[in-house]
Structures are given as structure tokens and as C-alpha cells.
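Open the model in your viewer and keep the selection tool at hand. Each stop below tells you what to pick and what is there.

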Protein chains: 2
Amino acid sequence: MDPSEFRRHGHALVEWIAEYLSGAERYPVLPRVEPGDVRDALPDSAPEEGEPFDRIFADFERVLLPALTHWNHPGFFAYFATSASASGVLAEFLSAALNQQAMLWRTSPAATELEEVSLAWLRRLMGLPDAFEGVIYDTASIASLHALAAAREAEVPDVREKGLAGRDDVGRLRVYCSEHAHSSIDKAVLMLGLGHSSLRRIPADDAFSMRAGELRAALDDDRGARITPIAVVATIGTTSTTSVDPVREIADICRDERVWLHVDAAYAGVTAMIPEYRAHFTGWERADSIVVNPHKWLFTPFDLSAFYCRRMDVVRQAFSLVPEYLRTAEGSRGVRNLMDTGVQLGRRFRSLKLWMILRHFGAERIRGVLREHIRLAHGFAAWVDAHPDFERVAPVPFSVVCFRAKPRDLTLTASELDAFNERLMEAVNASGDVFLSHTRLNGMLVLRLAIGHLRTTAQHTARAWELLCAHTAELARH
Amino acid sequence: MDPSEFRRHGHALVEWIAEYLSGAERYPVLPRVEPGDVRDALPDSAPEEGEPFDRIFADFERVLLPALTHWNHPGFFAYFATSASASGVLAEFLSAALNQQAMLWRTSPAATELEEVSLAWLRRLMGLPDAFEGVIYDTASIASLHALAAAREAEVPDVREKGLAGRDDVGRLRVYCSEHAHSSIDKAVLMLGLGHSSLRRIPADDAFSMRAGELRAALDDDRGARITPIAVVATIGTTSTTSVDPVREIADICRDERVWLHVDAAYAGVTAMIPEYRAHFTGWERADSIVVNPHKWLFTPFDLSAFYCRRMDVVRQAFSLVPEYLRTAEGSRGVRNLMDTGVQLGRRFRSLKLWMILRHFGAERIRGVLREHIRLAHGFAAWVDAHPDFERVAPVPFSVVCFRAKPRDLTLTASELDAFNERLMEAVNASGDVFLSHTRLNGMLVLRLAIGHLRTTAQHTARAWELLCAHTAELARH
């Protein structure tokens, strides 16, 4: 593509994206396609001859656009709602063109040092001490994987050289987390060769927070059975309910037991920027490692997960390995090479978008948007609480409301009520105006309304509520 | 940022990127900055008040641009040269705006199915059978990590549940690769809890290819010592020299020994599209898994690594795990959810760029560019071969030339000759016109000229050669 062609298609794309970012509401948030529709609409093979970009883009609009789930729709309330802010999108455009590969300082001094600077900015905004060194990974799954790898490195003698298998000097190992911790913790223990049975899920209290007493008992129990604890994962903002584990008490236990403490604050971490929410985070400054995802609730396009670690030397000890073809003079002089902090050698210039977003929004506006999302969630929770056909199922510490319909005039068994709510969710989602997802709490199927998109307003939560009420009444009639 | 602002900044960025993609030659390929320059030029904290995008972009130009290593410069000959093609950059721009999260079919039917379609296109172009199911990861490091995790899953009973530690029914395990295999294989065995000692590096022959006989002997030796082989990694296009392991013979051994065969063709895999290069790939169609990186030599902006596996069910068996909050109706109906094939839950819409690039270039032009890069490499190798002050150190199967200066009039010890070549590399790189990296072969420091950028022409390889000759003469005089 010559520069004039690039200009032409680039300018057209800017126009298209400008419309899209501000007008995704014109599309149904969940697409109306069936499995196989996209595949069946496309040829089996790549073309031999190149095609003009216009024709490719026309096929994007014809085949792919109707099959997108619109994460950019302000009625997206499923999972955790996210936003690709305009400044983040522009940063990604630039980053793609620059095509930096920040494996070594030499291969991108700018990306290497901006990663340090932008993560320091975010760390200070969240009130974490400078002792936390930061590194950007793609996802929280990878961040938590590295955290637990470092915990294993710290606890198991010679694990880097000798591994875990076929050793009679290494007994059973254990990782602890709440029963509400994210599935990425399970996947991490699988990857690390610890096995699923190494993960002990600690029961939660009525607010879905880990019971610290149960954690202490589990540790004692395991020590008695000659099982070695290697890490505890505390969550600030669990996936189902955004509940908060008692991090201060867990940090005390980890200190007493000399066990690695990893804090998963992938979703809620950014609210540490807000003084009145800082209380949720008491004790996290004593963690060994923390993960916070700007791509969740900091308006950052996928992917960018921020990993902070007090003991990054242990991560490096676990993974640093410099083959001759990657040795550089600066490396010998002690410069920081990002490839040393993980398994992934290739690294995109992700810090560019974080830096641009933090500057373009400014801290005060970020706090304002987060406060507004939380306010909207509390407003929705109040509607639920006030309605006789609904019940709220969990506290609302942040911007997610867990609730279910429980029509007062119907007598339904537990499983009938689950089925009712599942049908309700499908009916509401079929509107195209909103997208809600579910979870299961205390055995019940529960709906979740997760607020996190930059353009979500009271109008969108009101629409969700209107649809929920209407469909509940409708379903209750039949 | 409102739509009119986005338009203004977006259009300006299109103009800037159009200039950049076609004119990166105006910048020195290696930046002239010292460690700390970028960090010291930026404030310690994020601003409280938001800033206009123009000002942020001005700081990008002032502070970051001079600290970029220009991977987009056609004189980039280090590591493996890569390109962010214009169509790939536009696709990434669109992908950032769409902000798809392809963890579930439901969360992006388009991204889920386009991943299948675009990987099938690439697979067919490379002549691999349909039995290979594909998935996109960020990097080859992650792809090979999953390959070896699957090999471990296939070999070690109950490893998913029980892990590797504290078991008397699991003995020592072994992974095999050539002494020239990439460091990502080392990092994978560290992550998997196999330990570095589980990796047995098989000696190579004079052409830097694994000696199949040595592999067979190592397997016999280990079986005799009650060590269980779990995988062999064969490389087509090693990092130092792009040498090719004898995949056919290795595949025979793996069949006989019932061991997982993973083929690392991250760099060279795309040349399987060219009939006259297909011979290098004989036997790879019998591998259990293969990794090919479009972000290396298929003009695709970082990151996109294609993983093909004959036994993706084993990958899923190792990692699939569906918490309630990610359960969907389609999932229950057997639709493919990409989160099941790995540890990373979050997945960008990477297939969009692969699809757009394959269509915009067309297969015939891709083959043409690859052939031209290989032709340029052979031309450079001929210059080296013909010059009395240089020697070539490895065959040139693809587009990388390994060579060193060896001035005929100087009598240098081995370490003096290494130092001479290191100084030569630094001098040539200081020109700003080219960037070469090095490796070590048979104990010697060796320079590498790696061709892979879309805009690299004979003029750029000639400039590299001119600089090498001039600086060699200059250094030899002093």
C-alpha cells in the first residue's frame, strides 16, 4: 500500500471509528448470529491475487460487523464492562505503526522506560509504595501466573534447575485463595505443574469475602499434613460479586507464615485512586505482588495488565535467561531488559496507551468517571431493593450489582427460579439494548449488572431496569 | 474526547503514520540515547488535570521518538527483521476501537470464527493438513509453552489434578531440543515446573542442525536411566543461523518413541508457502504441534503467533475450565470458546490483521517478497564469500547471513578477533543506517544480517556491506 492509499484508507477509517466510538448504540450489543455464520460466509482459502483495501473493508462491514459483540456499547453490562477510550485507540494505532518490540532496552529504549514511568504514575495514583516494581503483561492471567511462579521460586529449593518431578526432597505444595477467586488462579496452578489439588479454596462469609480464620486453620492443617504453603491469593473485587477479601488480616497471616501474598485487584484496583475507596485496600501495600488491569476499568483498549512486585528479583531469578543473541552492552551495564521479567520475549509498546490515557484524562477526571459508575450501580441496587419482585444477592462495594428476579406472585422451586432468571436474562439480552451475564451464588443463579463503560449513563441503567421489569412481568404471566 | 476532536487527531495521526511507514529511513535505526534519558525527561506523576492530545503527541515527538529503535527502518537487520505493513496497521487501529474480547464465542463471534478462518487460510498456504487445529497466541514463547504443557498432559498421568510435586509415581521427565533451539524452550520448562535440567540439548552438525542419531541415543540413554521423555522440539529456522533440524528423521523417532513432537517454525514457517522451499518442511506435517509467527516474516504488526495442533483436545484437557460466570448456552452446545485453549482468558481481535494482510497482499505477492528477501540474503552472502577480509560462518537456508570479519593482514587471537567483530558491529550500528546483531557459533562471535522488512531493498544490503567493509578497513588500520 503506497502512502497515498494509506492516507485514503486511514482517513476513511478515522471517520468510521469516530462514528463507531460515539455511536455503537445503533448496533445490538449482542449480535444476532448463529455459530458458523461468519465461517460459512467466508471463502476457504486466501486469495492468490491481492485485493483492494476497500473491498476487504466492505466484507468487514458485511460479514464481521453483524457478528461483533459490542464491548463498546454503553449497554454492555456483562462480565466486567470495559472501554476503548479515544486516546487509547489513537495510541494503539501509533503503537502498531511503530511496531516496537520491547524485549531489550536496546530494542526500544522508549517502550522500556515509558513502561517504568507510566506504571510508576499509576502506582502513585493508587497509593502504593515505590518498593513495588512494575511490569506490563498482556493479561491478569499471565500476571498471576508469574506471581505464583515467583512464589514457587521463593519456596522450593532449586526449582529452576531441578523442577518439581521425581524429587524426594519436595513434598506437596499448596496455594490458597477464596472460593470466589478467579479461574485464572486455577489455570496458573495447572500450568505451573502444581496440579489442581494444590489449590485450596477457602470458604467465604456472607459478604463473599474470604474468612481469614478459615485461611489460618487451613494453613495449620496443611502444615500438620506436611504440605508446604507457597502462596495466598487475596482478591479485591472478585469476579462474581466484586467482594473484597480481608487483605490486612491475610497479610498478617502471610507475614506470620512467611508465605507469598498475591493480590488480584484486576478489576477494582483502579479505585484505590479514590480516597474514600482506599479503605478496601488496607494491607495490600504489604503484598508481595499485585495485579491491576487498566484494560478493565481504566478506559484502556485490550490488552494491558499492570503487575507490581516487591520482589521482582525473584521473578527475574525464576525466568531471566540471556542467550548470546540477546546479549547487549547495556545489559552488561545493568540496564533493565523487560524480557527478564517473564516468559514472553516479545512485548508490544503497551505503555504508550496507558501514558496517553493518564495524561489525556488526568487523575481527577478518572476518579470522577469511576465515582459515577459506582453511583450508577448504587442507584440500580436501590431500584432492585425497592422492588417486590426482585432481590439483591450481594453487597455493592464497587460498580457491579448481583440480583435476581423473584416474582412475589409465583411459587417456584429453587431450580424453577434459576430457570426463570436464565430466561429473563436471555429475554433482556435479546433486546439488543443491554447485555447482562450471570453467576451462581449460594447455589442460586444470579444476574449481574456490571458498569464500566465510559459512555454508560443513567439512561442505560434505566433501560436495563425497564427491560428487566417488563420481561419479569411478562415471564411471570406465562 | 468528542468525535470532532477524535477526527482531528485521528486524521493528523494518519498523516504522521503515512510519513513514518514510508520514511522511517530518516531516523537512525538505533536511537542515540542513554539509559535513563526518557525517564528523566518525564514527570514523576500523572497530571491531575487532563491535557489536550496535541500536547501529549508533541511530547511523544520530543521525548519518545528519539528513543525508538526503528523496527520499521529498512536497514533493520538485527534479530529477525519484521514489518508493520500498512494493512496490518489499519487492522490494528480498527481492532483497538472494536475492543473485542474473544474469550467466548458469545463475547465475539466474529473474532472467534475469523481466527479459525484466517488460520485455516494460512495453514493451507503452508501445505499443512486440515487435522491441525489453530489458535492464535501473543508470542511463540506462549505457543511453545502450551505445546509443552500439552506434552506433559499427554505423558504424566493425572498431572492436571495432582501436579508434579510430592509424587512417587512420577519420575524425572525430559524435553529434547537442539543446542540451537530458542530460549523460549528453556523458559517453558522453567514455567512448567520441569526444571532446567529437564531440557537436554542435542548437539548439532556442521550446518547447525540437530543430529538425529544423537537424539535417538539420548532417548535410549534416558530411558535406561528411568527418565521419561515427554517432548522433542525441532526447529525449522533456528535463531542464530536459521538452520533446519532434520524433521523427517526426528518425526520417525518421535513416532517410535511415542513422544510429542513440537516444531518451532516461528521465523521460517511462512516460507512453506513457497514450493521450492517446501523441502525444508518435510515431516512437519507429522508433528503434534507447530508454531509459526506472522509477526515475524508475514508483515504483521506485533503480536500474532499462530499455533497449530493435531491434538488440541489435549491442550483443552490441560486447561479448559469453565467457571459459572463464563458458562454460555452456546458453550453447552459445543461451540468453540477460545479461552479453553490456554491460560490467557483475555484475547484481542488479532485475526483481523492476519485476514486483512492475507487478502490485501494475496499469496502470490507474499511469496514474491519472501523470495526477494532470500535472494538479497544470498547476494550478501556472495559478497562475504568473495571478500578476503570476511568469512561466512553458516549456510543461508533463508534470509539470514552469519559472517564475521577476519582481516587478512592481522594476526589476531580468537578473543581479539571476537573483540574486533564486536567493535565492528558497534561502529556499523553507530551509523544509524543499519542495525545488525550478533550470536556465538563454535565459540566465535559472529555477526548476523537478517532480512525481513517489507521495504528492504538491494540498496540497504549494499549500504550494510559498504559500512562493514569501510569500518573493517578502518579498524584494521588502528
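Begin in chain B, with a pair of facing residues. Select Thr439(B): opposite stands Val446(B), in β11(B). Bear in mind that this is a predicted model.

Now extend the selection to the two strands. β10(B) and β11(B), the latter spanning residues 444-450, are joined by 5 bridges and run antiparallel. Add the rest of the sheet. The sheet is open, has 4 strands and pairs antiparallel, in the order β8-β9-β11-β10 of chain B. At its edges lie β8 (390-392) and β10 (437-441) of chain B, each paired on one side only. Look along the strands: neighbours are turned by 40° against each other on average, direction ignored.

Next, select residues 414-430 of chain B. This is helix α16, which packs on the sheet. The helix touches β9 (400-405), β10 and β11 of chain B, and its direction makes about 30° with that of β11(B).

Stay in chain B and move to helix α12, residues 312-319. Which of its residues are buried? Colour Met312(B), Val314(B), Val315(B), Ala318(B) and Phe319(B): these are buried. They lie on the same side of α12(B), because they cover an arc of only 155° around the axis. Now show what covers them. From chain B come β1 (133-137), α6 (140-155), α7 (159-162) and β7 (305-309), among others. Chain A also contributes: α8 (183-191) is part of the cover.

Cross to chain A and select residues 260-264. This is strand β5, with 5 of its 5 residues buried. Both faces are covered. Trp260(A), His262(A) and Asp264(A) are on one side, Leu261(A) and Val263(A) on the other. In a regular strand, side chains alternate between the two faces of the sheet. Add strand β4(A), residues 228-235: 5 bridges join β4(A) to β5(A), and the two run parallel. Within this pairing, Val233(A) stands opposite His262(A).

From β5(A), step to Ile250(A), which touches Leu261(A). Its other contacts, beyond four places in sequence, are Met210(A), Ala212(A), Leu215(A), Val232(A), Ala234(A) and Asp245(A). Ile250(A) also belongs to the largest nonpolar core, which has 364 residues. The residues with the most contacts inside that core are Phe77 and Ile250 of chain A and Phe77 and Ile250 of chain B.

Finish with both chains in view. Chain B can be laid on chain A by a turn of 180° and a shift of 0.0 Å along the axis, with an RMSD of 0.0 Å. The two copies are therefore related as by a two-fold rotation axis. The same surface serves both: 100% of the contact residues of chain B recur in chain A.

How values were computed: Residues are numbered from 1 along each chain as its sequence is written. Chains are lettered from A and ligands numbered from 1 in the order in which they are written. This is a predicted model: local features need pLDDT of at least 70, side-chain atom pairs count only at pLDDT 80 or more; totals for chains, interfaces and linings use all residues. Copies are superposed by least squares on the C-alpha atoms of residues with pLDDT of at least 70 in both. Two residues are in contact if their C-beta atoms, placed from the backbone, lie within 7 Å. Two strands pair if DSSP finds at least two bridges between them. Axes are lines fitted to C-alpha atoms, for helices over the stretch in contact, and angles run from 0 to 180 degrees between N-to-C directions. A nonpolar core is a set of buried Ala, Val, Leu, Ile, Met, Phe, Trp, Tyr and Cys residues joined through C-beta atoms within 7 Å. A residue is buried if 20 or more other C-beta atoms lie within 10 Å of its own, exposed if 12 or fewer, and partly exposed in between; C-beta atoms are placed from the backbone. The arc is that of the directions from the helix axis to the C-beta atoms.
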